[in-house]
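These are my notebook entries on one structure, kept in the order in which I looked things up. I wanted to go from single residues to the whole chain.

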Amino acid sequence: MQVVREMTAPAVEFVRRHRDPVTVQMVRSAAAATVAYVVALRLSPEAAPLTAPLTALLVVQVTLYSTLTTGMRRVNSVVTGVVVAILFSLLVGLTWWSLGLLILASLIIGHLVRVDEFVPEVAISAMLVLGVTTHGDTAWARIVETLIGAFVGMGFNLLLAPPVWVEEAGKSIEELARRVRQLMLRIGEEAAGRTPPHRAAARLHEARRLDHDISEVDADLRQAEDSLRLNPRVREGLLHRVVLRTGLDTLEICTVVLRVLARTLTDLAKEREPERLFEPETGAAFEELLSEIADAVVSFSVLVTTSVSANAESAEERLTSELRQAAATRDKLARLLFEEARRDARQWQLLGAVLTEVNRILDEMDTEHRTRRLFEELDRHSQEQRERLPRLTRMRERLRRKSRGASHRST
């Protein structure tokens, strides 16, 4: 049995990693470059048409959307560079000063034609074509090879649909929520006892490090958003993008508020040293509240990353219940903090800040607040689409009216 597990372990590991972005990128790029080279051998006059596999290698990306947009910019940059080189060769030929002018002109024109990250490719294409004597044949061969590589790269993702990275982005969001939960639990546990300033400052540094985690999750989410665009396998791609993006925005706000809360507790620990941070009853209520908020953060992340409606409903019910319980504990903590401030008014501002910050986190995760935010984002995207594509929007509205009229007549 042990031998069987050892033999199947590599296969299990391959299956686990076959959707990894790096693995997918390597396999797709290598296959597309090879196919492009084979096609270019038959169609290009060059003996070694390496421009085609190079173009395919640069064009093929993980998502269909980035493949299409990158391919168009890549072709545009190469063709522009070839045209510039042909004009220069006809006028001045290749000298040291004409090469400098060619590079400068190519970079300027590259910015004008909006090829973005492929601006250097305009100058590279121009230099390669200008550096040969039979510039006409070389220019034509380079254009053909570039078109072959671009079409192969784009067709590769059209025929072999790329994966949708929503699940990976959802896992990243849930992992971020769990890290936030662990930090909240540690802050609450320490605040219930004697918290020296250096320990409170350590928790503040942990809260600041969450910014790096958010940037990594944001990168995963951008990849997921690209994978939903122009993907024929995805329905309601806009809704998925908005749900995930607004969910991450909420978690980001919660981490910012948590960082502010950690700073408030650090200042309070310095003010009260060597006394306790809170009175025993107040500290116990604060620990209980942060524990409940920490559980609600994880439930919120599950809600925004759940695609099945039945699971989403149960996640929303669980989140609502946890927020309701946390609100009750918050009210209890508010009374205790008010009593502490009445007994000793020296730190009333810091005590009030603690209550304000936990209130902000609860408000951000409120289900009604989230619903309003979703509708606002969907309306904003719809408005942007109408302004960007007015003719297409009017055509869709006419088709909807016709379909409604036909359905009414049939009934």
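**Entry on E364.** I began with E364, which I located in helix 13 of what is a predicted model. I asked whether E364 is buried or exposed. Its relative accessible area came out at 9%, so E364 is buried, the cut-off for that class being under 20%. I then listed its contacts, leaving aside the neighbours within four places in sequence, and found T250, I253, C254 and H369.

**Entry on helix 13.** I next took the whole of helix 13, which runs over residues 348–365 and has 18 residues. From its first C-alpha to its last, helix 13 reaches 27 Å, and I noted that this is close to the 26 Å expected at 1.5 Å a residue. Which residues of helix 13 are buried? I wrote down L350, L351, A353, V354, E357, V358, I361, L362, E364 and M365.

**Entry on helix 2.** I turned to helix 2, residues 21–43, where I looked up S29. S29 counts as buried because its relative accessibility is 7%, which lies under 20%. Not counting residues up to four places away in sequence, S29 touches L57 and V60. I then went on to A36, which is also placed in helix 2. The relative accessible area of A36 is 0%, and A36 is therefore buried. With residues up to four places away in sequence set aside, A36 touches A52, P53, A56, I148, G149 and V152.

**Entry on T146 and its partners.** I looked up two C-alpha separations that involve T146, starting from A36. A36 and T146 are 110 residues apart along the chain, and I found their C-alpha atoms separated by 9.5 Å. The second partner was R74, which sits in helix 4, residues 64–91. R74 and T146 lie 72 residues apart along the chain, with 8.2 Å between their C-alpha atoms. I also checked the accessibility of R74, and since its relative accessible area is 0%, R74 is buried.

**Entry on R114.** I looked next at a backbone angle, that of R114, which I placed in the loop between helix 5 (96–112) and helix 6 (119–130). Its phi is near 60 degrees, a positive value in a residue other than glycine. I marked this for a second look because most residues other than glycine have a negative phi. R114 has a relative accessibility of 67%, over the 50% cut-off, so R114 counts as exposed.

**Entry on P274.** Where does P274 lie? I found P274 in the loop between helix 10 and helix 11, the latter running over 280–305. The peptide bond from E273 to P274 is cis, with omega near 5 degrees. I recorded the bond because most peptide bonds are trans.

**Entry on K270.** In helix 10 I looked up K270. K270 counts as exposed because its relative accessibility is 52%. I then took its separation from A201: the two are 69 residues apart along the chain, and their C-alpha atoms are separated by 9.8 Å.

**Entry on the cavity.** I searched for enclosed space, since rolling a probe the size of a water molecule over the atoms shows where empty space is left. How many cavities of 30 Å³ or more does the structure hold? I found one, and the volume of the largest cavity is about 80 Å³. I listed its lining as I187, E190, A191, T195, A200, R203, A262, L265, T266 and L277. The elements giving two or more residues to this lining are helix 8 (166–191), helix 9 (197–228) and helix 10 (237–272). Sorted by class, the lining has six nonpolar, two polar and two charged residues.

**Entry on the whole protein.** I closed with the totals. The protein has 15 helices and zero strands, and of its 411 residues, 43% count as buried. Among contacts between residues at least 6 apart in sequence, I noted that 78% join residues at least 24 apart. The protein exposes about 22600 Å², of which carbon and sulfur atoms supply 58%.

Conventions:
Residues numbered from 1 in each chain as written. Predicted model: local features only at pLDDT ≥ 70, side-chain atom pairs only at ≥ 80, totals over all residues. Heavy atoms only, no water. 1 Å grid on protein atoms, 1.4 Å probe; cavity = no way out; pocket = protein on both sides within 12 Å on 5 of 7 lines; lining within 4 Å. Points joined across faces, edges and corners; volume = space filled by probe spheres on them. Helix = DSSP H or I, 4+ residues; strand = E, 2+ residues; numbered from the N terminus. Nonpolar A, V, L, I, M, F, W, Y, C, P; charged D, E, K, R; others polar. Buried < 20%, exposed > 50% of the residue type's maximum accessible area, 1.4 Å probe, protein only. Contact = heavy atoms within 4.5 Å. Areas by Shrake-Rupley, 256 points an atom, 1.4 Å probe, with all protein chains shown as cover. Expected span 1.5 Å × (residues − 1).
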